[in-house]
Amino acid sequence: MMKTHSMTVLLWSCMFHEIHMMPSQKRTNKHSLSERITGLPENGGKTLHRTKRGWMWNQFFLLEEYTGPDTQYVGKLHTDQDKGDGNLKYILTGDGAGSLFIIDENTGDIHAAKKLDREEKSLYVLRAKAINRKTGRQVEPESEFIIKIHDINDNEPKFTKDMYTASIPEMSGVGTSVIQVTATDADDANYGNSAKVVYSILQGQPYFSVDPETGIIRTALPDMSRENREQYQVVIQAKDMGGQMGGLSGTTTVNITLTDVNDNPPRFPQSTYQFSSPESAPPGTPLGRIKATDPDVGENAEIEYSISNGDGSDMFDITTDKDTQEGIITVKKHLDFENKMLYTLRVEATNTHTDPRFLQLGPFKDTAFVKISVEDTDEPPVFSRPWYLIEVDEDAKEGSVIGQVVAQDPDTTKNAIKYSVDRHTDLDRIFNIYSGNGSLFISKPLDREETPWHNITVIATEVNNPKQSSQIPVYIQILDINDHAPEFANYYETFVCENAKAGQLIQTVSAVDKDEPPRGHKFFFELVPEFAVHPNFSIVDNKDNTAAVMTRRNGYSRSKTSTYLLPVIIFDNDYPIQSSTGTLTIRVCACDSRGNMQSCNAEALLLPAGLSPGALVAILLCIIILLVLVVLFTALKKQRKKEPLIISKDDVRDNIVTYNDEGGGEEDTQAFDIGTLRNPEAREESKMRRDVIPETIFQIRRTVPLWDNIDVQDFIHRRLKENDLDPSAPPYDSLATYAYEGNDSIANSLSSLESLTTEGNQDYDYLSDWGPRFKKLADMYGGEDSD
C-alpha cells in the first residue's frame, strides 16, 4: 500500500549564482530539473549564469475506489515566493482539473473530489502555475506533473462466453482435448496478483478435467459411450489472486456432446420371421418387412440387407428402405403352391460404414431366418404352350378339324375346362372350337389368296369358376393348292405391219398365277388345238415363263383383214395342272420402213366417213345445247306447278268446305249424326288448302281430348279458341263450318220446306228492319215485282 501523505513541492527563490547541481530526492518528470539559461552579451564582459527554477516535482499516487469519509488528499503546491500574505494564486489545469481534482488556490492543496477507477483511467497529466493576484502575471513558469492510480482487486475474472458448446467422439481416450475456455481480469496484471487467474472444475467430474493455467478441458474417463450418455454439462470456475482465499471468481458452463462412432453392430430382435404369400402374387409384390436395430445414429446406423443362403434365394429378393432402415422382402419369380409350399431364407444385415478402430469388437453384421409359406389360390387354366401354329390346306372341307389346343387347371382340384374362340379376332367366324376338348375346325371355306394367315385367340375357362380364364394366340397358316389357272400378265395391244416378213417377232407375252407353288412358277404356252397350225401367226415358248408371237407369212393387208384373233393356252406345272386360254387381238397397221406404226384400221374407218375433227366438235356442242334446254324446261315446269290453282283479284284465301247435304231439318235425327260434333276424335285429320299444291305437310297439333256429353255450343267455342291460339295455324283465313244455328233465333226458321205448308203469300217486309246485312235478302223477297 502507498503512504497516504503527499509529497510537497518546495519553491526556491530565484537568484543568480554559480552553476551547480542539486540532486532530487525522488524521480521527477522532465520538467522537474529543467533549467533556464540566461545569456549576457560578451561585450559586457560578464560571466554567464544559469537561473534555477524555484520548485521541484514528484509523481503523485492515489488508490482507486477510495471510500473514506473525506476527500482523498493528493498533495500540495508551494513556492518560495509565497509569503503567506495571499498575494499568490495557485491554478491547476489538465486531465480532470476542476472536476476530479480540485486545488485550494490560496494554499495549493490538491484533493480528489470523486472516487477513481483505474480500469477506466490509470494516469492523469496535470499542469500547475502560480500567479500574482495583483499583476496577474506568473511568478513561475507552468509545469507538469502526473497522478497515477494504484490498482486494487475490485474486478472478478470474466469468461469470453457465458456458455460454451463442444463435442467429442465417444470412446475417446483419457486426456483428449475437448475445448479451451478463457477468462480475463480487468485488474492490473503488473501490480500484485489481482489479475492472475486460475481455472478449476466445479461440475463435470469425474468425466472431465481442466488445466488450471490454460483452461483446456480434457476427458478424464476412458471409453465414454454415447449410447449410455450423450450430453454432459461442465461448470468451470476462474479465480484471481492466484486462486488464493479472498480472490474474486467467475464461472461459465460448457455443454459437451459425445458424437457417435460405429462401435455397435446391427442386431435382429428375433432370430426367425414368418411371412405368407399367395401363389398368384406377381413379381415385385412386397411380402413384409424386417428390421435390425443399431444403437448408433446417422450413417453409422445404415444397414444393408441381403439373402445369403436358403432354398428360396432365387424366388425372393430383399431391398433396403433407406428412410426406415428396414429390409423389404419381395417376390422375385412366380410362385407355385403345387410345386413348393414353404421357403426358408437366411437374411443378413450389415453396416455399410464400418470404423476400423472397432473391428476387434466383432463382425458388424447379424443374420436371421425368414420362412415364407405359399398359399394356394384358384388359378386360371394354363395352356401347354405359349402359342400355337397350325397349318391347313386352303381346300380343306368345312367341319374339318385342323388342330387342338390343350389347357388344364393347375390347382389341385383340377376343374374342368371349356374352350371358346374370341370373336373379336375372328369376325367372319371362319373357325370354331369344340368346347370340351379344344379341337379347332373350319366353319367356312378358306382362300389363301385372300387371307394367307389367320390370327385368332382361344379362351380357356374353368367350368366351376368362369372368372378364371386365360387366353392363348393361335396362328393359322393357309397352305396353297393349285386352284387358280395362269393368265396373261397384262393386256397386250399387239399389231403387225402390212409389210411384215415371215418369222418376225411382233409380241412377247408372259403370265401370272395367284397360286404360290413351293418350287416356283413354271408356265407353258401353245395355240389352241383348233389353231395348232395357224396360217398367219405362230407362238414359240421361250422356256422362261414367256412366249414369242411370230409371223408366218410375208405381208398383211388391212383392207382385207384389219384384225386377227389368236387364242393361246397357258399351262402351269403344279398338281392338278391348271390352264386358261387368253386371246391376243392383233391389228394390221401401216408402218414405215423401220417398222414404226403410222396408222391402223381405226383411223382408216373414220376417214372414209368424212368426219373431220371440226365436225366432231360441232356434234358435241349440239348435244350440250340439247341437254341445257331439257334442264331449263324441267325447271320451268316445276316452277309452274307451284303456282296456286285459283288466281283472282277477289281471292281472300278463304277455305270453304262444302258438304252438299241440307239434312232433314231440326227434327230429322236420322240424316245427320250429332254425335260426330260431340266426339273429340272426329276432327283430328288435317285439312289442306285446295287452291295451292301443298309443299310441306304440317304436323297437326292434337287437341286435348274432351269428355263425353259436352254441349255442342261449348264444343264449338273451345274449338274456335284452340284455332285462335294455335301457333301452327296457317297464315291465311280459314272458315270452319260446324252447322250449328244456335238457340232462340229471332228470325225463326228460314227453311224453304216450311213455306210449302203456308197458305197465301208470305210477307217478307220485316226483312228490311233487320239492317243492312239483310238488305239483299229483303230486295229479293220483299219486292212485289220481283222475279
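In these legends, a residue is called buried when its relative accessible area is under 20%, exposed when over 50%, and partly exposed in between. Everything shown comes from a predicted model.

**View 1. D426 pairs up with R423.** Here the side chains of D426 and R423 meet in a salt bridge, with N and O 3.0 Å apart. D426 has a relative accessible area of just 4%, so this residue is buried. Its partner R423 comes out at 21%, which makes R423 partly exposed. This is one of 18 salt bridges in the structure.

**View 2. R448 reaches D480 from another loop.** The closest N and O atoms of this salt bridge are 3.1 Å apart. R448 sits in the loop between β32 (439–442) and β33 (453–462), while D480 sits in the loop between β34 (469–479) and β35 (487–488), so the pair ties together parts 32 residues apart in sequence. R448 is buried, at 9% relative accessibility.

**View 3. E722 and R719 share a helix.** Look along helix α4 (residues 712–725): E722 and R719 are three residues apart there, which means about one helical turn separates them. They form a salt bridge, with 3.1 Å between the closest N and O atoms, and both residues are buried. Back at R448 and D480, salt bridges with shared partners join those two with E449 and E516 into one network.

**View 4. A nonpolar patch on the surface.** Now for something without charges: V617, L620, L621, I624, I625, L626, V628, L629 and L632 form this patch, and together they have about 860 Å² of accessible area. L620, one of its members, belongs to helix α2 (residues 613–641). With a relative accessible area of 52%, L620 counts as exposed.

Note on methods
Residues numbered from 1 in each chain as written. Predicted model: local features only at pLDDT ≥ 70, side-chain atom pairs only at ≥ 80, totals over all residues. Heavy atoms only, no water. Patch = residues over 30% accessible without salt bridge, like charges linked within 9 Å, V, L, I, M, F, W, Y side chains within 5 Å. Areas by Shrake-Rupley, 256 points an atom, 1.4 Å probe, with all protein chains shown as cover. Salt bridge = Lys/Arg side-chain N within 4 Å of Asp/Glu carboxyl O. Helix = DSSP H or I, 4+ residues; strand = E, 2+ residues; numbered from the N terminus. Buried < 20%, exposed > 50% of the residue type's maximum accessible area, 1.4 Å probe, protein only.
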